[in-house]
Amino acid sequence: MTTKTEAKEIIKTENVNLYYGERKALHGINLNFRENEITALIGPSGCGKSTYLRCLNRMNDLIPNITITGSFTLNGHNIYGPKEDTVQLRKEVGMVFQQPNPFPFSVYDNVTFGLKLAGIKDKKTLDERVEESLKQAAIWNEVKDKLHKSALSFSGGQQQRICIARLLAIQPDVILLDEPTSALDPISSQMIEDTLLNIKDKYTIIIVTHNMSQASRISDKTAFMLNGHLMEVGDTKKMFLTPDKQETSDYLNGKFG
Amino acid sequence: MKINAKKINKLAIGTIWALVSVVVLILIFLLGYILVTGLSDISWKFLTSTSSSISAGGGIRDQLFNSVYLLVLTIIISLPISLGAGIYLAEYAKDNWITTLIKTAIEVLSSLPSIVVGLFGYLILVIKFQLDYSILSGAIALTIFNLPLLTRSVEDSIEEVPKLQREAGLSLGLSKSKTIVGVVLPLAIPGIITGVILSSGRIFGEAAALIYTAGQSAPIVSYTDWNPFSPSSFLNPMRPAETLAVHIWKLNTEGIVPDAHIVSSGASAVLIIVILIFNLSSRFFGNWAYRKMTGTTRKKRG
């Protein structure tokens, strides 16, 4: 823990090990995330960055035969505790996936889905929240006249921003993004990046990306992973200019990947 | 003589084509024969008059209605059960020997000869539970006959829903059951609709399972009596009801009306046409539901 910490560390993970059956996929990872920062997880395919990300909202629980050890805390609270409610956890730690996955309903119903489940029925509140979320996700102008059209009828980039809006509507504390732009064209990717920069003062954002220039453009911190090990973590600028380790430098310079 | 790969390939394709044409020709011949011999006997009067047991000129009004009513009742009974079973098998069943046993039992049930289902229904429903020859007995027998198929198609439709959608639901803080009801089921509905309509076609054409359960007589009923408890009401589920398929079977085995042949070929043509409509509409309604649900057209599988 550094001394010049202004923002508090909202997620702390310590000595994280993960096994798929017998195979060890994560080796003793210690990583903390600060509030209102964007942290990028980078590394070659199969390095465990997505696997690690999915530990943070316990999406790995769905995979059979998986063992996770180590400590995970969200605001000081153990998210793997015996009484942890994963439903509640996932409301606080939301996720955006590689493939846009809006529900097969209208844009409006997508964004209000979580709110309606939470018991909010007042039409005016819902309308306001829809507009606010869609504006935050920078998709409002494109969908405002088509709120009752199926979300699946929009382009991939628009769908991804609708997914972000759907998540913002339930106001999580942390947003996990698992390669959110790798299925999108450059212009859509740019819009998603702008969206993230736009909302980072309200959320803590952790993004897995294999696009290094994306990491350098938007993130405050970068963590480099290799073969299930955390190689290096630090301020993005510093890491891209003067990495500590040879492997980091080689990866950033495209010597492998 | 040296046979090269090209020739073998041509030979193989030729053989496959020949085999496919045999199937298609048999199908065209059967459908063509039934439609050609039957279509000329279908008239409005034929469809709307009662059947006759002695004299010529009988229609199929009651049999046609009975078939439809029986179909509706069967679907009403079997759909909820199949939905529950299909959801369980697709979403909750663990991969262990109990699940394997259940799946095997369903397979066995689906390959049961329908006459066995009919006789079983006769012993249990008609005799033991004293439901007599009735639409209800028939509908329960058809449910037994229909459950495996429908359960299978519900299960398949649910399993076809992409994992991404489930993850979307769960990652937004939905419980598993809410994800299934709110996200997975709506996406599975087009497939389920297709399954229901296809199995309807099978139910509609079923005879053997009904001979000893719904019975072989079609008492005159009143189509203006809407009280389902009145014995003469067309809605009364406790009356015996000969269906179209059973009627065709009976005309050909013990029919004594002089025009048995004409009535039977007309009724067969009606039956085939209805089943064709079911099959063609299943695709249409499945796609329609998908469009309604997603605003996009359905992608071909494969």
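In the predicted model described here, N36(A) counts as partly exposed because its relative accessibility is 33%, a value that lies between the 20% limit for buried residues and the 50% limit for exposed ones. This residue is found in the loop of chain A that runs between β2 and β3, the latter comprising residues 38-42, and its phi is positive, near 60°, although the residue is not a glycine. Most residues other than glycine have a negative phi. A further positive phi in a residue other than glycine occurs at E179(A), where the angle is near 45°. E179(A) is placed in the loop between β7 and α7 of chain A, and it counts as buried because its relative accessibility is 12%.

E179(A) also takes part in a salt bridge with K49(A), in which the closest N and O atoms are 4.0 Å apart. Because E179(A) belongs to the loop between β7 (174-178) and α7 (186-199) of chain A, whereas K49(A) belongs to helix α1 (residues 49-55) of chain A, the pair ties together parts that are 130 residues apart in sequence. Both partners, E179(A) and K49(A), are buried. Over all chains, a search of the whole structure finds 22 salt bridges, and another of these in chain A joins the side chains of R34(A) and E37(A), with an N to O distance of 3.5 Å. R34(A) and E37(A) are likewise both buried.

A salt bridge in chain B links the side chains of E167(B) and K163(B) at 3.8 Å, N to O. These two residues both lie in helix α7 (residues 163-171) of chain B and are 4 residues apart, which corresponds to about one turn of the helix. An α-helix has 3.6 residues a turn, so residues three or four places apart point the same way. The partners differ in their exposure, since E167(B), at 6% relative accessibility, counts as buried, whereas K163(B), at 60% relative accessibility, counts as exposed. Returning to chain A, salt bridges that share partners join R34(A), E37(A), K221(A) and D235(A) into one network.

The strands of chain A include an open sheet of 4 strands in the order β2-β1-β4-β5, with antiparallel pairing. The edges of this sheet are formed by β2 (23-34) and β5 (77-78) of chain A, each of which pairs on one side only. Within the sheet, strand β1 (residues 9-20) and strand β4 (residues 66-74) of chain A pair in the antiparallel sense over 8 bridges, and the bridge partner of I11(A) in β4(A) is L74(A).

Among the helical residues of chain A, N110(A) is placed in helix α3 (residues 107-117) and counts as buried because its relative accessibility is 0%. The side chain of N110(A) reaches the backbone nitrogen of F103(A) at 2.8 Å. When residues up to four places away in sequence are not counted, N110(A) touches P102(A), F103(A), F105(A), A151(A), I162(A) and R166(A).

Chain B contains 11 helices and 0 strands. Its C-alpha trace spans about 65 × 65 × 40 Å along the principal axes, and 42% of its 302 residues are buried. Of the contacts in chain B with a separation of 6 or more, 75% are accounted for by residues 24 or more positions apart.

Within chain B, helix α5 (residues 114-128) has 15 residues and reaches 20 Å from its first C-alpha to its last, close to the 21 Å expected at 1.5 Å a residue. The helix α5(B) nevertheless bends by about 30° at G121(B), and G121(B) is one of the buried residues of this helix, the others being S114(B), V117(B), G118(B), L125(B) and V126(B). The buried residues of α5(B) pack against two other helices of chain B, α6 (135-159) and α9 (208-211). After α5(B) comes Q130(B), whose phi is positive, near 50°.

Note on methods:
Residues numbered from 1 in each chain as written. Chains lettered and ligands numbered in written order. Predicted model: local features only at pLDDT ≥ 70, side-chain atom pairs only at ≥ 80, totals over all residues. Heavy atoms only, no water. Expected span 1.5 Å × (residues − 1). Bend = angle between axes of the 7 residues up to and from the residue. Buried < 20%, exposed > 50% of the residue type's maximum accessible area, 1.4 Å probe, protein only. Contact = heavy atoms within 4.5 Å. Pairing = 2+ DSSP bridges. Polar contact = N/O pair within 3.5 Å; in protein donor to acceptor, adjacent residues only side chain to side chain.
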